[in-house]
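Visitor: Hello! I am new to protein structures and would like to learn how to read one. Could you walk me through it?

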Amino acid sequence: LNGWNPAATPLSPASSGVWTATVQLPVGQHQYAFVVDGSRWVADPVAPSVDDGFGQRNSVVTVSSAPGRIL
């Protein structure tokens, strides 16, 4: 939804070691990754992942009812 723009969906600190963002998503499967230190793309360690086609992994979230959100 943001075209993999590293600045499009910034995370905000919520508690010790936890960062969040709220994103409205349509029904379906969506791939995402976090940008760490401004340049390093990292998959979510607690989410399912898939090959990104470039030798790395993207995390996957499935939204099954309209619209959902990632916290």
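Guide: Gladly! Let us begin at Y32, which lies in strand β3. Keep in mind that this is a predicted model.

Visitor: Is Y32 buried or exposed?

Guide: Buried means under 20% relative accessible area. Y32 has 14% relative accessibility, so it counts as buried.

Visitor: Which residue does the side chain of Y32 join in a polar contact?

Guide: That is D44: a polar contact of 2.7 Å joins the two side chains.

Visitor: Where is D44 placed?

Guide: Look at the loop between β5 (40-42) and β6 (49-51); D44 sits there. D44 also counts as buried, because its relative accessibility is 15%. Leaving out residues up to four places away in sequence, D44 touches Y32, F34 and S59. The side chain of D44 also has a polar atom 3.1 Å from the backbone nitrogen of V46.

Visitor: How do I compare a separation in sequence with one in space?

Guide: Put the two numbers side by side. D44 and A33 are eleven residues apart in sequence, with their C-alpha atoms 6.4 Å apart in space. For Y32 and S49, the figures are 17 residues in sequence and 9.0 Å from C-alpha to C-alpha.

Visitor: Now the strands. What holds a sheet together?

Guide: Strands of a sheet pair through backbone hydrogen bonds, and the pairing is either parallel or antiparallel. In this model, an open sheet of three strands runs in the order β3-β7-β6, with antiparallel pairing. β3 (28-32) and β6 stand at the edges with a single partner strand each, so one side of each has no neighbour in the sheet. From one strand to the next, the twist averages 40°.

Visitor: How many bridges link β6 and β7?

Guide: Three bridges link β6 to strand β7 (residues 57-63), in the antiparallel sense. For one example, take V50, whose bridge partner in β7 is N58.

Visitor: What can we say about N58 itself?

Guide: N58 is found in strand β7, and at 8% relative accessibility it counts as buried. The side chain of N58 makes a polar contact of 2.8 Å with the side chain of Q31. Not counting residues up to four places away in sequence, N58 touches several residues, among them W4, Y32, A33 and P48.

Visitor: Where is W4 found?

Guide: W4 is in the segment before β1 (12-15). W4 is partly exposed, with a relative accessible area of 42%.

Visitor: What should I look for in the backbone angles?

Guide: Most residues other than glycine have a negative phi. W4 is not a glycine, yet its phi is positive, about 60°. D37 is not a glycine either, and its phi is positive at about 55°.

Visitor: Is D37 buried or exposed?

Guide: D37 counts as exposed, because its relative accessibility is 70%. You will find D37 in the loop between β4 (34-36) and β5.

Visitor: Which hairpin could I look at next?

Guide: Try the hairpin of β1 and β2, which has two residues between the strands. In that hairpin, G17 takes a positive phi near 80°. β1 pairs with strand β2 (residues 18-20) in the antiparallel sense over three bridges, and P13 stands opposite W19 in β2.

Visitor: How many helices and strands are there in the protein chain?

Guide: The protein chain has zero helices and seven strands. Its radius of gyration is 12 Å, close to the 11 Å that the globule rule gives for 71 residues, so the chain is as compact as a globular protein of that length. Along the principal axes, the C-alpha atoms fill a box of roughly 35 × 30 × 20 Å.

Visitor: And how do burial, contacts and surface look for the whole chain?

Guide: Of the 71 residues in the protein chain, 17% are buried. Among contacts with a separation of 6 or more, 51% come from residues 24 or more positions apart. The accessible surface of the chain comes to about 5,300 Å², and 54% of that belongs to carbon and sulfur atoms.

Methods
Residues are numbered from 1 along each chain as its sequence is written. Side-chain values use heavy atoms; hydrogens and water are left out. Helices (H or I, at least four residues) and strands (E, at least two) are DSSP runs, numbered from the N terminus. Buried means under 20% relative accessible area, exposed over 50%, partly exposed in between (1.4 Å probe, protein chains only). Contact means heavy atoms within 4.5 Å. A polar contact is a pair of N or O atoms within 3.5 Å; within protein, one must be able to donate a hydrogen and the other to accept it, and residues adjacent in sequence count only if both atoms are side-chain atoms. Two strands pair if DSSP finds at least two bridges between them. Axes are lines fitted to C-alpha atoms, for helices over the stretch in contact, and angles run from 0 to 180 degrees between N-to-C directions. The radius of gyration is taken over C-alpha atoms; the globule rule is 2.2 Å times the number of residues to the power 0.38. Accessible areas come from the Shrake-Rupley method with a 1.4 Å probe; for residues, only the protein chains shown count as cover.
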